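Hi there,

Here is the structure I promised to pass on. My notes follow below it.

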Amino acid sequence: MIVSTFALAGFLLAHAQLRALGAVLFEKPQEFGRLLHTGWELKKQMASGITTPAIDQMYAAARRAGAIGGKIAGAGGGGFLLLYCPHHRQNNVRLALRGHP
């Protein structure tokens, strides 16, 4: 049986979302952050309109500064970038994103 890349990414995304819920319930924030990143990467594989170059630049800058993962929330171009990072990295992430739209 051949499984499409889209179907496989969808399955893996659903699995990551369930694991993320478990990470929240069992107070494992680092795991939650890693799963946000996994979900972000899978969503980008599923649809080309998920992100923009500006969002990709902000996400990469946040990751370099210490964010573990993130996602886009909201709809219709009026959403926001939600990021998880350890408390001691928050200021670094804020500084890295300063000046981005």
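First, a definition: rings of Phe, Tyr and Trp (its six-membered ring) count as a pair if their centres lie within 6.5 Å, with planes under 30 degrees apart called stacked, over 60 edge-to-face and the rest tilted. By that rule there is one aromatic pair. W40 and Y59 form it, and the pair is tilted, at 5.3 Å centre to centre and 35° between the planes. W40 sits in helix α2 (residues 29-46) and Y59 in helix α3 (residues 53-65), so the pair ties together parts that are 19 residues apart in sequence. Helices here are DSSP runs (H or I, at least four residues), as are strands (E, at least two), numbered from the N terminus.

Please keep in mind that this is a predicted model: local features need pLDDT (the predictor's confidence in each residue, from 0 to 100) of at least 70, side-chain atom pairs count only at 80 or more, and totals for chains, interfaces and linings use all residues. Residues are numbered from 1 along each chain as its sequence is written, and side-chain values use heavy atoms, leaving out hydrogens and water.

The protein averages a pLDDT of 80. Helix α1 (residues 5-25) has the lowest mean among the elements, 64, and helix α4 (residues 90-97) the highest, 96. In order from the N terminus, the elements run α-α-α-β-β-α.

Both W40 and Y59 are buried, meaning under 20% relative accessible area (exposed is over 50%, partly exposed in between; 1.4 Å probe, protein chains only). Buried residues make up 30% of the 101 in the protein.

Best wishes
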